[in-house]
Amino acid sequence: MLSPPRTLSSGKDSHIDAMSSATAYLILFLFVHTLQKLGILERLNNGEVVIGDGGYVFALEKRGYVKAGPWTPEATVEHPEAVRQLAREFLRAGSDVMQAFTFYASDDKLENRGNKAQELHSGAAINEAACIIAREVANEGDAMMAGGVSQTPTYLDTRDKAKVQAEFRKQMDVFMKNNVDFMIAEYFEHVEEAVWAVEAIKEFNVTVAANLCIGPEGDMHGVSPGECAVQLANAGAEIIGVNCHFDPFISIETVRLMKAGLDKADLKAHLMVQPLGFHTPDCSKQGFIDLPEFPFGLEPRIITRWDAHRFAREAYNAGIRYIGGCCGFEPYHVRAIAEELQLERGELPAGSEKHDLWGKGLMLHTKPWVRARAHRAYWEKLKPASGRPYCPSVSESDQWGVTAGDKMLHQQKEKTTNEEIKTLIEHQETNQ
């Protein structure tokens, strides 16, 4: 522990000397604090619970800063204050990782199907701005900053390893320039592409967490979760898990299958889960993007904060130590994870200052029947109604059965035409 200087000059220069000594102490303290800051593997190796952040894409789309369809993150350049504010809310909620908002920020995605983000800004500028924001907010707390890569249109269109890895390397040049603490390779439907991503990242000698967006049935080419985990570990991923596409409890089951595969192969890796903030018991293999409500009618499926509590506990009991969220996970969901695991982590987040645990704040309510809800048992037993008496509780998923290599997944720079949409509608109606 550093101690401030004990001896200061006297006389007319004493005030200046005191200021100089205090400044020197502060600089030294911050320098040593930075050196002592534990990295992601050190924290996980120590048995710590690392809390990730939540879903930027859906949250910023609802706030008017991301366009549904391409889902690309040019908001880092166009509206950095919006991205920064959401990051700060995740930090206040308890997030230990500020992930740069670089989802779908490869050059090929930024110019896919008429998207002008690459032309207007460039992938390098978007990734750079995301890193600057994430590092700024991470430094406001004790958080780490992670870069991120995700699946590419080039893979869907060509399955050409050299071309796909070239896209990842362009992003990695920016991430390394900005000194990321570690990398997250996420949202991969095909383990083949995820392995290529891990291989490209490891060329830069950085820790990588690899997440697939798969469920218990495995990836889109039929590779089981256990085998997917083995392939990712052999490629060099130190942290392995799933994100997006499925709800918290389906995602935990998938990670359990991954762990079983790793154990059988006698491989070691830390486990990670960052699921949807939506209930998806009726999803098919492709996940929530097959649901008819995707993406504009998902609100009735949003998990409650109490669901997030249960998710955090079940994830922890499954041996998962990197726990966060993806699309649909708002800051209050992240706060619920931190509150559920407060004993394991030894602290509550700053955001709990305005949130008494298990509804205790309702003791201040004016209405007696609301005050009667100020206890844990009430909220744990609650079965929330949707308020939609004519709506079903589950849906029938679209199952087109197309994946990488199929002609229908051909990608292009040109904007999708009305004739192309007409063809897709006809195909949809034929297969209903």
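Met183 in strand 4 has Val208 in strand 5 as its bridge partner, and this contact belongs to a parallel pairing of strand 4 (residues 182-188) with strand 5 (residues 208-212) that extends over four bridges. The model described here is a predicted one, and its chain holds 19 helices and eight strands. The strands are arranged in an open sheet of eight with the order 1-8-7-6-5-4-3-2 and with parallel pairing. Strand 1 (50-51) and strand 2 (97-99) stand at the edges of this sheet, each with a single partner strand, so one side of each is left without a neighbour in the sheet.

**Strand 4 and its surroundings**

- In the pairing of strand 4 with strand 5, Phe188 has Leu212 of strand 5 as its bridge partner.
- Strand 4, helix 11 (residues 191-202) and strand 5 together form a β-α-β unit, and this unit is right-handed.
- Strand 3 is also paired with strand 4, again in the parallel sense and over four bridges, and within strand 4 it is Ala185 that serves as the bridge partner of Val149.
- Helix 10 (residues 161-177) lies across strand 3 (144-149) and strand 4, and the direction in which helix 10 runs is at about 160 degrees to strand 3.
- Strand 4 is mostly covered, since seven of its seven residues are buried.

**Strand 7 and its two partners**

- Strand 7 (residues 270-274) is largely enclosed by the rest of the structure, because four of its five residues are buried.
- One partner of strand 7 is strand 6 (residues 239-243), with which it pairs in the parallel sense over five bridges; in this pairing, Val242 stands opposite Val273 of strand 7.
- The connection between these strands involves helix 13 (residues 248-264), which together with strand 6 and strand 7 makes a right-handed β-α-β unit.
- Strand 7 also pairs with strand 8 (residues 322-323), in the parallel sense and over two bridges, and here Val273 stands opposite Ile323 in strand 8.
- Helix 14 (residues 305-317) takes part in a further right-handed β-α-β unit, which it makes with strand 7 and strand 8.

**Helix 14 against helix 15**

- The axes of helix 14 and helix 15 (residues 331-340) come within 8 Å of each other and cross at roughly 45 degrees, and the two helices are therefore oblique to each other.
- The crossing of helix 14 and helix 15 is right-handed.
- On the side of helix 14, the contact is made by Arg305, Ala308, His309, Phe311, Ala312 and Arg313, while helix 15 contributes Tyr332, His333, Arg335, Ala336, Ile337, Glu339 and Glu340.

**The chain as a whole**

- The chain has 432 residues, and buried residues make up 49% of them.
- Among the contacts in the chain with a separation of 6 or more, 77% are accounted for by residues that lie 24 or more positions apart.

How values were computed
Residues numbered from 1 in each chain as written. Predicted model: local features only at pLDDT ≥ 70, side-chain atom pairs only at ≥ 80, totals over all residues. Heavy atoms only, no water. Buried < 20%, exposed > 50% of the residue type's maximum accessible area, 1.4 Å probe, protein only. Pairing = 2+ DSSP bridges. Right-handed = clockwise from strand over helix to strand, strands pointing away. Contact = heavy atoms within 4.5 Å. Axes fitted to C-alpha atoms, helices over the stretch in contact; angles between N-to-C directions. Parallel < 35°, antiparallel > 145°, perpendicular 65-115°, else oblique. Left-handed = near helix turned anticlockwise from the far one by under 90°.
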